[in-house]
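Reader: I should like to learn how the terms used for a protein model are justified. Please show me the model, and then set each value against its definition.

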Amino acid sequence: MGESAWHTLKIKEIFRVLETSENGLTSEEAERRLSEFGPNELTKEKKKTILSIFLNQFKSFLIIILIIAALISFAVGETLNSIVILIILLINAFLGFFQEYKAEKAVEALKKMTAPRALVLRDGVKKEIFSRELVPGDIVYLEEGKQVPADVRIIESQNLKVDESILTGESLPVLKEVCTLKKEVPLSEMKNMAFFGTYVTYGHGKGVVVRTGMETEMGKIAELVQETIEEETPLKRKLNNLAKQLGLIVLFIIGLVFLLNIYVHSKELIEIFILAIAMAISAVPEGLPMVVTLTLALGMQAMAKQNAIVRKLMAVETLGATTVICSDKTGTLTKNEMTVTEIYANGKFIEVTGAGYKPIGKFLLDGKEINPSSDKTLSRLLEIGALCNNAEMIKDDGWRVIGDPTEGALISLAEKGGFSPEKLKKQAKFITEVPFSSERKMMSVAYSNKKVISYVKGAPEKIIDRCNFILENGKVKKITPAIKKQLIKTSNKMAGKPLRVLAFAYKELPKRKKYTFKDMEYGLTFVGFVGMIDPPREGVKDAIRKCNEAGIRVIMITGDHKTTAVAIAKEIGIMKEGDICITGMELEGMSLKELEEVVDKVSVFARVSPEHKVKILQALDSKGETVAMTGDGVNDAPALKRAHIGVAMGIKGTDVAKQASDMILEDDNFSTIVKAVESGRRIYDNIKKFVRFELAANFDEIAVISFAAISGLPLPLLPLQLLWINLVTDTIPATTLAIDPPEKDIMRRPPRKRNENMILDMLPYLLATIVVCTFVDTWLFLWGLQYGIQKARTLVFTGTVMFQLFLVFNIRSERRPFLRTNPFENKYLVLGVFASFLLQLAVVYLPPLQAIFGTFPLDLIDWVVVMLFALIALAISPIIFRWRKST
């Protein structure tokens with residue numbers, strides 16, 4: 001099948017070869033073919049193996065320093081030190097491997113969640129499946145904005161245009177037709193074929209799948225770029241660079257101390273080597289990259305549970321700095337379940353009852369129920385709504401619509417009036433369709449039933465402009481400028497309620513083979529208006545209030561009428577006193593500089609096209625804003641790429657929009673964006689907590705050893721003891737900071753700045769911690785020396801562990817002193833600290849471990865002294881808190 005010249009065959013012949021029909025395949029046959037032809041996907045990139053993930057744990061610059069330290073230890077006869085260093089390195093490697101393996105699994109799960117889907121005809125029923133499940137012989141639906149899911153032969157085309165630039169380099173979309181071609185036709189001229197990976201830019205159609213996976217044209221040349229959500233984040237790069245810089249600084253200090261101890265203190269070479277090893281170990285923040293990966297991976301998983309699929313790790317960081325959310329209205333701020341509530345026909349307003357898509361309701365004129373079928377004008381209006389429509393109404397658990405929500409509301413309206421779209425379409429013969437476009441702002445279809453009639457619906461101002469006649473009380477009469485003016489006034493009145501208003505018109509056409517859009521859409525007869533409302537989603541008002549408290553502006557961007565947009569914006573709390581609304585026409589006439597001058601006051605952009613979004617982004621970016629922008633269409637892709645956070649809709653979003661985005665909303669809900677921002681802030685805070693702790697702990701150890709070396713004192717901590725401290729404090733309790741719950745005021749404080757210097761921000765805390773810890777450890781060491789070097793080292797060893805175990809509680813908040821935080825909010829942290837304490841007791845009191853780590857059993861007085869000094873760690877945060885408050 002893969003080698004057949006499909007473009008040369010007639011459709012009946014293709015059906016015969018593929019053993020299929022216009023009703024598609026059965027589920028059983030599709031399953032059989034899937035096992036025969038394999039999944040419809042290109043060969044994937046080589047996955048990371050378990051071995052490669054494990055070996056990656058040893059690629060860190062600082063881990064290499066530790067390996068060198070172990071080798072030097074072995075070379076100078078410190079075999080036990082060498083063995084224990086390597087054992088602890090392996091433990092760290094296994095921990096890193098386990099967490100990275102979990103992150104890889106999370107990434108794979110997210111890829112599955114964002115896998116492309118296709119609309120297919122199976123068992124005679126239209127259904128959505130994963131594109132990878134398509135097989136030759138399937139009948140697929142091709143819709144505007146969607147990716148072509150396989151190589152297909154076109155069997156139905158309604159002005160179907162496909163962008164094939166990714167495959168052929170041709171910049172203009174290709175119009176597809178139902179026809180047969182000669183064998184010699186080049187790929188770029190195969191107008192009866194659509195190819196895997198290309199995009200439908202206009203119209204819609206159907207096709208039969210002829211090739212899948214690596215048999216497709218795209219598969220043959222392997223040009224389809226596979227998306228990946230795993231990339232090194234700016235934060236991770238900064239931390240890795242920090243680790244390298246720290247290592248180089250420590251190597252410099254080691255060299256300085258090495259020379260000082262040889263020429264000033266005249267120490268033995270072996271003792272100096274052990275000192276150098278100790279300093280190298282104290283410098284290694286081995287948990288740093290591991291915890292960043294773990295925190296981001298866990299954050300991505302948590303967001304996925306909240307319907308926010310983060311495709312790029314960098315988005316997790318940037319979310320915490322978001323200052324502006326530019327949101328589409330329909331389906332994001334609102335329910336996307338349009339309900340017709342009002343009709344204007346025959347110069348009168350008719351109320352329509354009922355809510356949602358459920359086709360049950362009444363038509364009320366001046367409060368009295370009327371029968372639409374007894375009124376020619378109203379009947380024609382419902383007929384237009386039913387026929388000029390591509391949506392489908394389905395009843396399963398409830399009523400839902402496949403297609404546009406506006407068209408779903410019109411189907412519901414027609415059904416309420418006793419006009420079944422299904423019956424009407426069977427009675428009349430479909431001729432042609434001119435799909436809606438943002439330029440024309442209307443859609444038209446032609447049906448033949450004794451007469452050929454063009455049914456048209458669209459934006460009121462556009463429809464009225466093209467009308468020459470008006471239907472009133474069943475009679476057609478000439479439309480005058482005064483009537484047009486009155487109709488525009490009526491439309492504006494309905495839009496101000498706020499209702500989304502559509503105008504309906506028709507035209508009788510002469511019988512001929514082909515009709516152009518000019519034939520179908522000029523010289524129309526006006527019928528009436530339909531007013532519908534899309535109510536705000538549950539929780540949107542609270543989400544916007546939360547944004548306001550968090551210092552985040554929300555801007556509504558919509559293609560709707562200005563009065564409708566402003567009314568909704570005021571209702572949900574986006575538009576406040578002093579805010580302004582700018583229309584697409586006004587935006588078109590403004591320079592970028594002019595927009596920059598007023599953008600701070602704009603809360604609504606109405607009647608705008610997707611192309612305008614880029615201009616809005618440029619203006620906001622110039623003001624230093626960090627912008628999250630939502631989008632769902634093909635034309636939204638440039639704006640989604642340009643935004644700091646591009647947010648695509650998971651339900652109504654096109655494949656193009658999803659691939660250009662950083663994050664996908666599975667439920668298309670604005671509240672989900674706000675939850676994601678909150679998660680982003682929590683994740684960034686938790687990474688910052690760990691960095692603050694890790695640097696404080698590592699610099700403490702360096703400072704203590706350096707002070708002793710420069711002062712000519714014996715080494716206060718042995719290499720194995722340092723490794724143990726890093727394992728016990730960094731790996732067990734500190735990593736639990738990754739799951740620390742958010743602070744209560746996390747969404748009541750302004751966003752962090754994009755260019756925030758994390759290290760500079762925590763410098764006062766680091767300096768205070770280093771000074772206090774160096775003083776505590778030096779005092780303990782000097783006090784313990786009177787009882788012997790082994791006990792002195794045990795006091796410093798235990799004192800450092802306890803100091804850091806208390807410090808981890810103190811590190812949890814920058815804004816609240818320790819006494820105002822609840823340590824039991826993070827039960828895993830408490831358990832981790834308790835486990836570390838028990839392990840330290842084992843090292844101090846169990847004889848086999850005493851021999852390995854060189855410890856001495858401490859008595860009650862020793863513990864009282866150690867605990868009193870270690871508790872000083874809890875005072876650092878309140879001191880820094882008060883100092884910051886006073887400055």
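Author: Let us begin with a charge and a ring: the charged end of K791 sits over the ring of Y787, 4.6 Å from the ring centre. This is a predicted model, in which local features need pLDDT of at least 70 and side-chain atom pairs count only at pLDDT 80 or more, while totals for chains, interfaces and linings use all residues. Residues are numbered from 1 along each chain as its sequence is written, and side-chain values use heavy atoms, with hydrogens and water left out.

Reader: What makes K791 count as sitting over the ring of Y787?

Author: The rule asks that NZ of Lys or CZ of Arg be within 6 Å of the ring centre and within 35 degrees of the ring normal. The distance for K791 and Y787 is 4.6 Å, and this lies within the 6 Å limit. R752 is placed likewise over the face of Y684, at 3.6 Å from the ring centre.

Reader: Why are W783 and Y787 called an aromatic pair, and which kind of pair is it?

Author: Rings of Phe, Tyr and Trp (its six-membered ring) pair if their centres lie within 6.5 Å; planes under 30 degrees apart count as stacked, over 60 as edge-to-face and the rest as tilted. The centres of W783 and Y787 are 5.8 Å apart and their planes make an angle of 80°, so the pair is edge-to-face. By this rule the count comes to nine aromatic pairs. Ring pairs also join Y344, F349, F526 and F529 into a cluster.

Reader: Are W783 and Y787 buried or exposed?

Author: Buried means under 20% relative accessible area, exposed over 50%, and partly exposed in between (1.4 Å probe, protein chains only). W783 has 19% relative accessibility and therefore counts as buried. Y787 has 46%, so it is partly exposed.

Reader: How do you know that helix α12 has the expected span, and what is known of its surroundings?

Author: Helices (H or I, at least four residues) and strands (E, at least two) are DSSP runs, numbered from the N terminus. The expected span of a helix is 1.5 Å times one less than its number of residues. Helix α12 (residues 376–387) has twelve residues and should therefore span 16 Å; its end C-alpha atoms are 16 Å apart, which agrees. Eleven of the twelve residues are buried, so α12 is largely enclosed by the rest of the structure. Among the buried residues of α12 are R380 and E383.

Reader: What makes D375 a cap of α12?

Author: A side-chain oxygen of D375 lies 2.9 Å from the backbone nitrogen of T377, at the N-terminal end of α12. A polar contact is a pair of N or O atoms within 3.5 Å; within protein, one must be able to donate a hydrogen and the other to accept it, and residues adjacent in sequence count only if both atoms are side-chain atoms. S379, also in α12, has a polar side-chain atom 3.5 Å from the backbone oxygen of S373. S379 has a relative accessible area of 11% and is therefore buried.

Reader: Why is helix α13 described as largely enclosed?

Author: Eleven of its twelve residues are buried, so α13 is largely enclosed by the rest of the structure. Helix α13 (residues 405–416) reaches 16 Å from its first C-alpha to its last, close to the 16 Å expected. G418 follows α13 and has a positive phi, near 85°.

Reader: What is notable about phi in N473 and R607?

Author: Phi of N473 is near 50°, a positive value in a residue other than glycine. N473 is in the loop between β19 (467–472) and β20 (475–478), and at 58% relative accessible area it is exposed. R607 has a positive phi of about 55°, although it is not a glycine. R607 lies in the loop between β25 (602–606) and α22 (610–622), and at 25% it is partly exposed.

Reader: How many residues does the largest nonpolar core have, and which have the most contacts inside it?

Author: A nonpolar core is a set of buried Ala, Val, Leu, Ile, Met, Phe, Trp, Tyr and Cys residues joined through side-chain atoms within 4.5 Å. The largest has 97 residues, and M556, F670 and L807 have the most contacts inside it. Helix α25 (residues 670–711) gives the most to this core, with 14 residues. Apart from this core lies another, of 33 residues, including V340 and L471. In soluble globular proteins, nonpolar side chains tend to be buried together.
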